[in-house]
Amino acid sequence: MDRRNFIAGCLGLPLLVQAGGSQSQAGLTKMIFPFAAGAGGDTLCRLIAQEMAPALQRTIVVENRTGGDGLIGIKAVKGASADGSMVLVTTGPTMYLLPMVETTPSFDTAKDFMPVSLLARFEFALVIGPGIDAADFKSFAAWLKAHPDKTSFGVPSNGTIPHFAGSKLEKDLGIPLSRVPYRGSAPILNDLVGGHLPFGITTLADALPQHRAKGVKIIAVASAERSPFAPDVPTLKESGIDLVADAWYGMWLPAGSPPDFASKLGAAASAALARPEVKEKLTAIGLIPVGSNADGLTKELAANTAFWQPIVKATGYKIEN
C-alpha cells in the first residue's frame, strides 16, 4: 500500500539558532522534524528552537528529514549518538500508531527513545457539507441512518487518527461507513464545499476558515474539552460518542541520553512555550501550547497507546515496511 503523509507535518529549510559563541564552544543539537508538509510543526520547531538556544547555550539546527510516514526522521534519531546532538520532535500518533500498523515495527518508543516533554496539542473535527440537513451531531446521526447510500467520509490519509476515529464512530453508531483517503485536509474541504462528499474528519485548524465562511459546518470536535478555537461546538463525548482523539507534538532523545540533559532540554522547551509571544504565534495557527516534564509525556503516550490499540487491532489495518 502506498504511504502518504501520516499526520500534519512541517515545511521549511533548516534553521540555525546560535547562542553562547561558536558551535564548538556551545555544542550542536539537531532538532529533527520528520515531515515536510504543512506549517504547524515547522512553526512550533522554529519558535522553540529560537527560545531554547540561549537557555541551553547550544546551537540548534531545525532539520526536516521527511519520508516513510515519519520513519526516516524517527530512525535517524533512534540511531543517533546519545550525547544530546540530536533530538526528535514529532506528533504523538507517529510514536504510538506506527508501531501498531507496521507489519514489523521499525522502532519501540519506550525502548528506543527517552521522553523529554509534551509540547503542544492540536484537534480534530467532524465536518459536514452544506447539503447535509443537520443542526448537530444527533440530527446528523439520524441523517446517516436515513441515507445509507451517502455514508462516505474523507480522511487526510489512511492509518491516521481520523482513519481510526472513523472506525470507532462506525462501531458506536452501528452504521456502515465508507472511508475515503485523501492527500491532506484541503481536498477534503474542497469536496465538502462542492457537495461531492457528505462529511469528513480532519484537523480543526484546517476546517475553521470554511466553517466561519459557512462553506462547511463543524458539528463536533474530538478533543476532551471544547476547543478554545470553537467554543460553541460540542465535543463528541458531549454528543454521546466515547471518543477523544486529539493529537499532540512531543520531544524525545535517543535512549541512553544523559538524564540531566534531558531535564534541561524539557525545562527549556516548557519555558519557551510559556512565553506570551510564543503562545500567541502558536494559537494563531491552531496549536495549544502545553509543555511538561518527561513523566507527563510518558503518561500521555501510555494513555493514547492503551486507548487506540484495541481500535486499531479490530480494523486489521497494516502497512508493509
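Contact is defined here as heavy atoms within 4.5 Å. The structure is a predicted model, in which local features need pLDDT of at least 70 and side-chain atom pairs count only at pLDDT 80 or more, while totals for chains, interfaces and linings use all residues. Residues are numbered from 1 along each chain as its sequence is written, and side-chain values use heavy atoms, with hydrogens and water left out.

Leaving aside neighbours within four places in sequence, W308 is in contact with Y96, L97, M100, I161, F164, A165, L243, V244 and A245. W308 also belongs to the largest nonpolar core (buried Ala, Val, Leu, Ile, Met, Phe, Trp, Tyr and Cys residues joined through side-chain atoms within 4.5 Å; buried means under 20% relative accessible area with a 1.4 Å probe, protein chains only). Of the 87 residues in this core, M31, M52, F140, M251 and W308 touch the most other members. The greatest contribution, eight residues, comes from helix α2 (residues 40-56); helices are DSSP runs of H or I with at least four residues, and strands are runs of E with at least two, numbered from the N terminus. Because domain 1 (28-122 + 248-315) and domain 2 (123-239) both give residues to this core, it lies between them; the bounds come from an automatic or database domain assignment.

W308 is also the site at which α13 bends by about 35°, with a proline, P310, following within four residues; the bend is the angle between axes fitted to the seven residues ending there and the seven starting there. The buried residues of α13 are L297, E300, L301, N304, W308, I311 and V312. Just after α13, G316 takes a positive phi of about 75°.

Key:
Buried < 20%, exposed > 50% of the residue type's maximum accessible area, 1.4 Å probe, protein only.
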